[in-house]
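Let's take a walk through a protein model together. Have a look at the sequence and the 3D view first, then read on.

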Amino acid sequence: MSRTFLVGGNWKLNGDKQLITKMADQLSQTTVGNLEIVVAPPFHLLSLAKEKFTNVHISAQNCSEHLSGAYTGEISTEMLKDIQVGWVILGHSERREYYGEDDQTVGRKVGHAVKQGLNVIACIGEKLQERESGQTLQVLVRQLDAIAQHVSDWSKIVIAYEPVWAIGTGKVATPQQAQETHKDIRQWLKEKVSPAVAESTRILYGGSVNAKNCQELQQEPDIDGFLVGGASLKPADFATICQCKLSGKL
């Protein structure tokens with residue numbers, strides 16, 4: 001099965017209306033071929049992004065596991081659907097690290113979002129000490145198991161492998177390191193979910209992806225796209241990343 005390459009841009013706590021316009025203009029002039037683009041600006045820009053972007057999915061960066069209620073500051077899946085936002089990023093390491101979202105919380109949120117009809121970019125990844133002590137796979141399996149407990153339909157899930165030690169640090173997993181880990185994730189899907197899900201589920205790499213290293217990374221067979229942080233705030237660089245599958249074809 002051919003998996004459509006996906007490039008996601010996670011703006012985090014950055015961006016304004018001017019950047020929405022600049023990025024939309026840049027991408028409208030960019031030939032990307034058979035590739036999906038997902039842009040995740042802060043919540044206050046989601047509606048404007050829906051208006052400005054064409055042929056680009058708009059995503060929230062987080063949502064609640066509750067439909068409604070006394071949960072000050074939270075955003076529900078129903079609120080996202082109300083403004084026609086069909087994607088959400090869940091389980092990002094910054095949510096885990098700074099806001100106390102443990103594996104079970106992430107699992108519940110992913111399961112809830114999928115049941116409510118949203119497409120989910122579910123993030124997993126190990127810290128530097130975990131990689132150096134040979135625990136990478138153990139950590140990823142623990143995180144994946146927590147998601148699997150709450151999910152029966154994997155068709156709306158995209159997995160984003162983001163080694164925490166590579167996020168915003170300038171350090172990048174080598175293409176070989178990334179491929180090895182992505183292959184392990186796909187093997188987990190094959191054994192714990194089904195061979196069909198393993199074959200169809202897209203696994204993104206995230207962690208200091210930029211316009212210079214994207215070309216080499218995209219060549220690996222189990223890397224099905226990128227979740228981009230800092231470079232997603234630079235229109236020209238993000239457009240270059242979105243063109244990575246067209247190398248030699250332009």
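## Inside or outside?

Here a residue is called buried when its relative accessible area is under 20%, exposed when that area is over 50%, and partly exposed in between. Keep in mind that what you're looking at is a predicted model.

Let's try those words out on Gln84, in the loop between H3 and E4. Is Gln84 buried or exposed? Its relative accessibility is 53%, so Gln84 counts as exposed. Gln84 also has a positive phi of about 60 degrees, although it is not a glycine. Ser208 is another residue other than glycine with a positive phi, again near 60 degrees. You'll find Ser208 in the loop between strand E7 (203–206) and H10.

## Two helices and a ruler

Now for helix H5, residues 103–115. How far apart should its ends be? At 1.5 Å a residue, the 13 residues should span 18 Å, and the end C-alpha atoms are indeed 18 Å apart, so the two values agree. After H5 comes Gly117, with a positive phi near 95 degrees.

You can try the ruler again on helix H8, residues 175–192. Its 18 residues should span 26 Å, and the end C-alpha atoms sit 25 Å apart, which agrees. The buried residues of H8 are Pro175, Ala178, Gln179, Thr181, His182, Ile185, Arg186, Trp188 and Leu189.

## What covers H5

How many of the residues of H5 are buried? The count is 10 of 13, so this helix is mostly covered. The buried ones include Val106, Val110 and Val114, but also Asp103, Lys109 and His112.

The cover over those buried residues includes helices H3 (77–82), H4 (93–99) and H7 (136–148). Strands E4 (87–90), E5 (119–124) and E6 (157–161) are part of the cover too.

## The nonpolar cores

In soluble globular proteins, nonpolar side chains tend to be buried together. In this model, the largest nonpolar core has 64 residues, and those with the most contacts inside it are Phe53, Val110, Tyr205 and Phe226. Helix H1 (residues 17–28) gives the most to this core, with 5 residues. Apart from this core lies another one of 11 residues, among them Val38, Ile121, Ala160 and Leu227.

Which residues does Val110 touch, leaving aside neighbours within four places in sequence? Val110 is in contact with Leu90, Val120, Ala122, Ile147, Val151 and Ile157.

## A pocket and a cavity

Time to look for empty space. The largest pocket holds about 520 Å³. It is lined by 21 residues, and the closest to its centre are Lys12, Gln61, Asn62, Arg95 and Tyr99. H4 supplies the largest share of the lining, 4 residues. By type, the lining of this pocket divides into 12 nonpolar, 5 polar and 4 charged residues.

A search of the whole structure finds 1 cavity of 30 Å³ or more. The largest cavity has a volume of about 40 Å³. Its lining is made of Gly91, His92, Ser93, Arg96, Cys123, Ile124, Gly125, Gln143 and Glu162. H4 and E5 are the elements that give two or more residues to this lining. Here the split is 2 nonpolar, 5 polar and 2 charged.

## Three more residues to find

His150 is in the loop between H7 and E6. With a relative accessible area of 24%, His150 is partly exposed. Not counting residues up to four places away in sequence, His150 touches Gln104, Gly107, Arg108, Gly111 and Lys115. His150 and Gln243 are 93 residues apart along the chain, and their C-alpha atoms are separated by 35 Å.

Gln218 lies in the loop between helix H10 (214–217) and strand E8 (225–228). Why does Gln218 count as buried? Its relative accessibility is 8%, and the cut-off for buried is under 20%. Leaving aside neighbours within four places in sequence, Gln218 is in contact with Phe5, Ile223, Phe226, Cys244 and Lys245.

Finally, look for Ser200 in helix H9 (residues 195–200). Ser200 is partly exposed, with a relative accessible area of 33%. Ser200 and Val164 are 36 residues apart in sequence, and 25 Å apart in space from C-alpha to C-alpha.

Conventions: Residues are numbered from 1 along each chain as its sequence is written. This is a predicted model: local features need pLDDT of at least 70, side-chain atom pairs count only at pLDDT 80 or more; totals for chains, interfaces and linings use all residues. Side-chain values use heavy atoms; hydrogens and water are left out. The expected span of a helix is 1.5 Å times one less than its number of residues. Buried means under 20% relative accessible area, exposed over 50%, partly exposed in between (1.4 Å probe, protein chains only). Contact means heavy atoms within 4.5 Å. A nonpolar core is a set of buried Ala, Val, Leu, Ile, Met, Phe, Trp, Tyr and Cys residues joined through side-chain atoms within 4.5 Å. On a 1 Å grid over the protein atoms alone, a cavity is a set of points where a 1.4 Å probe fits but cannot get out, and a pocket is an open set with protein on both sides within 12 Å along at least five of seven lines; lining residues have an atom within 4 Å of a point. Grid points are joined across faces, edges and corners, and a volume is the space filled by probe spheres set on the points. Ala, Val, Leu, Ile, Met, Phe, Trp, Tyr, Cys and Pro count as nonpolar, Asp, Glu, Lys and Arg as charged, and the others, Gly among them, as polar.
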